[in-house]
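Work through the exercises below with the sequence and the three-dimensional picture side by side. Try each task before reading the solution that follows.

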Amino acid sequence: MGTIQISSDSFAYKNYQNWITKTKNIGINFNWNEIEIALNEAFTNALIHGNKFDSTKKIEINYHYLHIINEIQFSIIDEGEGFKLKETSNFLMDKNLINEGGRGILLMKKLSKKFHYSTNPFTAHLTFTCSRN
């Protein structure tokens, strides 16, 4: 289990990437590429849409490896106001296909075994299945 808090400032991505590098070496075998893409989306959403780059706000990332069921769970918590999923759920409509953004939730859902979010505080929860070394 691990936790980190990252300020939503100009060093946020650097601090996040340092944490990712350390987390990769926790001693379990899993498809890190898919996990990293999904976590990058969750972190970026928290930084840009949640905390709006407000350096007084933090992003907290928690992870827990469940040995018995061979899963790793991540929670990315921001201090923003959240969003309405219905407002972001039409990313595959023709009119939205050329938009630069709007696919993060789709990616998180497709790459993780389980994705959901909760509010107060706003938290993205992602679960991935792993294989033992």
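## Exercise 1: The sheet

Task: establish in which order the strands of the open sheet lie, and how they pair.

Solution. The open sheet has 5 strands in the order S1-S2-S3-S5-S4, and the pairing is antiparallel; strands, like helices, are DSSP runs numbered from the N terminus (E, at least two residues, for strands; H or I, at least four, for helices), and two strands pair if DSSP finds at least two bridges between them. Strand S1 (2-7) and strand S4 (114-118) are the edge strands, each of which pairs on one side only. From one strand to the next, the twist averages 15°.

Before going on, note what kind of model this is: it is predicted, local features need pLDDT of at least 70, side-chain atom pairs count only at pLDDT 80 or more, and totals for chains, interfaces and linings use all residues. Residues are numbered from 1 along each chain as its sequence is written, and side-chain values use heavy atoms, with hydrogens and water left out.

Next, take the pairs in turn. Strand S2 (residues 58-66) and strand S3 (residues 71-77) run antiparallel and share 7 bridges, and here Tyr63 stands opposite Phe74 in S3. Helix H1 packs on this sheet, touching S1, S2 and S3, and its direction makes about 165° with that of S1; contact means heavy atoms within 4.5 Å, while axes are lines fitted to C-alpha atoms, for helices over the stretch in contact, with angles running from 0 to 180 degrees between N-to-C directions. S3 is also joined to S5 by 7 bridges, again antiparallel, and the bridge partner of Glu71 in S5 is Thr129.

## Exercise 2: Strand S5 and its hairpin

Task: find out how many residues of strand S5 are buried, and what the turn between S4 and S5 contains.

Solution. Strand S5 (residues 123-129) is mostly covered, since 6 of its 7 residues are buried; buried means under 20% relative accessible area, exposed over 50%, and partly exposed in between (1.4 Å probe, protein chains only). S4 and S5 pair in the antiparallel sense over 5 bridges, with Lys114 opposite Thr127 in S5. The two strands form a hairpin with 4 residues between them, and Asn120 in the turn has a positive phi of about 60°. Asn120 is joined to Pro121 by a cis peptide bond, with omega about 0°, and Pro121 is placed in the loop between S4 and S5. As background, most residues other than glycine have a negative phi, and most peptide bonds are trans.

Two further positive phi values can be located in the same way. Lys52, which is not a glycine, has a phi of about 50°; Lys52 lies in the loop between H2 and S2 and is exposed at 61% relative accessibility. Asn70 has a phi near 60°; Asn70 is placed in the loop between S2 and S3 and counts as buried at 15% relative accessibility.

## Exercise 3: The salt bridges

Task: count the salt bridges, and state which parts of the chain Glu36 and Lys24 tie together.

Solution. A salt bridge is a side-chain nitrogen of Lys or Arg within 4 Å of a carboxyl oxygen of Asp or Glu, and by this rule there are 2. In one of them Glu36 is bound to Lys24, with the closest N and O atoms 3.5 Å apart. Glu36 lies in helix H2 (residues 32-50) and Lys24 in the loop between H1 and H2, so the pair ties together parts that are 12 residues apart in sequence. Glu36 is buried at 15% relative accessible area, whereas Lys24 is partly exposed at 37%.

Glu71 and Lys113 meet in a salt bridge with an N to O distance of 2.3 Å. Glu71 lies in strand S3 and Lys113 in the loop between helix H4 (104-111) and S4, so this pair ties together parts that are 42 residues apart in sequence. Glu71 is buried, with a relative accessible area of 5%, whereas Lys113 is exposed, with 53%.

## Exercise 4: A buried alanine

Task: identify which residues Ala38 is in contact with, leaving aside its neighbours within four places in sequence.

Solution. Begin with the place of Ala38, which is in helix H2, and with its relative accessible area of 0%, which makes it buried. Beyond those neighbours, Ala38 is in contact with Met108, Leu111, Leu126 and Phe128. Finally, the C-alpha atoms of Ala38 and Lys110 are separated by 8.8 Å, although the two residues are 72 residues apart along the chain.
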